[in-house]
Amino acid sequence: QVQLVESGGGLVQTGGSLRLSCAAASARTFPSINRYTMGWFRQTPGKEREFVAAINWIPSPPYYADSVKGRFTISRDNAKNTVYLQMSSLKPEDTAVYYCAYSSRTGPRTASEYDFWGQGAQVTVSS
């Protein structure tokens, strides 16, 4: 089992920026953790979890939901077993609980394709 610990959520005004981090706390007991795709999803009350961005462990470009393309940037630091989501030009519709997730698959975009999940971080964008 891999424990994912998120940090960096909060309240920001429209147009502002936030960076989320997600560290694999049990990476020592999971030596292949850096061969996992790392992704971010978000969820608002009453709605399904929505794909935001992901980055494969193989050399390939990250991929994004159309709604965040050009505003959000995902990156990973394998030495720290950490994935980041830099969010810029935030809009009120970006308000959600953001979840990081790890998948053993390449190129996953749906929640069911991910194996491990963080606890969630609230991001609130005020208008």
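## Exercises on backbone angles and a disulfide

Asn-81 is placed in the loop that runs between strand 7 (72–77) and strand 8 (82–87), in a model that is predicted.

**Exercise 1.** For Asn-81, state the sign of phi, and decide whether the residue is buried or exposed.

*Solution.* Begin with the backbone: phi of Asn-81 is near 50 degrees, which is a positive value in a residue other than glycine. Then turn to accessibility, where the cut-off for buried is under 20% relative accessible area; Asn-81, at 15% relative accessibility, therefore counts as buried.

**Exercise 2.** Locate Ser-89 relative to the strands, and assign its exposure class.

*Solution.* Ser-89 belongs to the loop between strand 8 and strand 9, and its phi is near 50 degrees, again a positive value in a residue other than glycine. For the exposure class, partly exposed covers the range between under 20% and over 50%, and Ser-89, with a relative accessible area of 41%, is partly exposed.

**Exercise 3.** Find which residues the disulfide joins, give the handedness of the link, and explain which parts of the chain the pair ties together.

*Solution.* The structure holds one disulfide, and the bond joins Cys-22 to Cys-100 with an S to S distance of 2.0 Å, which satisfies the cut-off of within 2.5 Å. The angle about the S-S bond is 50 degrees, and the link of Cys-22 and Cys-100 is right-handed. Cys-22 lies in strand 3 (residues 18–24) and Cys-100 in strand 9 (residues 96–103), so the pair ties together parts that are 78 residues apart in sequence. As a last step, consider accessibility: both Cys-22 and Cys-100 are buried.

Terms used. Residues are numbered from 1 along each chain as its sequence is written. This is a predicted model: local features need pLDDT of at least 70, side-chain atom pairs count only at pLDDT 80 or more; totals for chains, interfaces and linings use all residues. Side-chain values use heavy atoms; hydrogens and water are left out. Helices (H or I, at least four residues) and strands (E, at least two) are DSSP runs, numbered from the N terminus. Buried means under 20% relative accessible area, exposed over 50%, partly exposed in between (1.4 Å probe, protein chains only).
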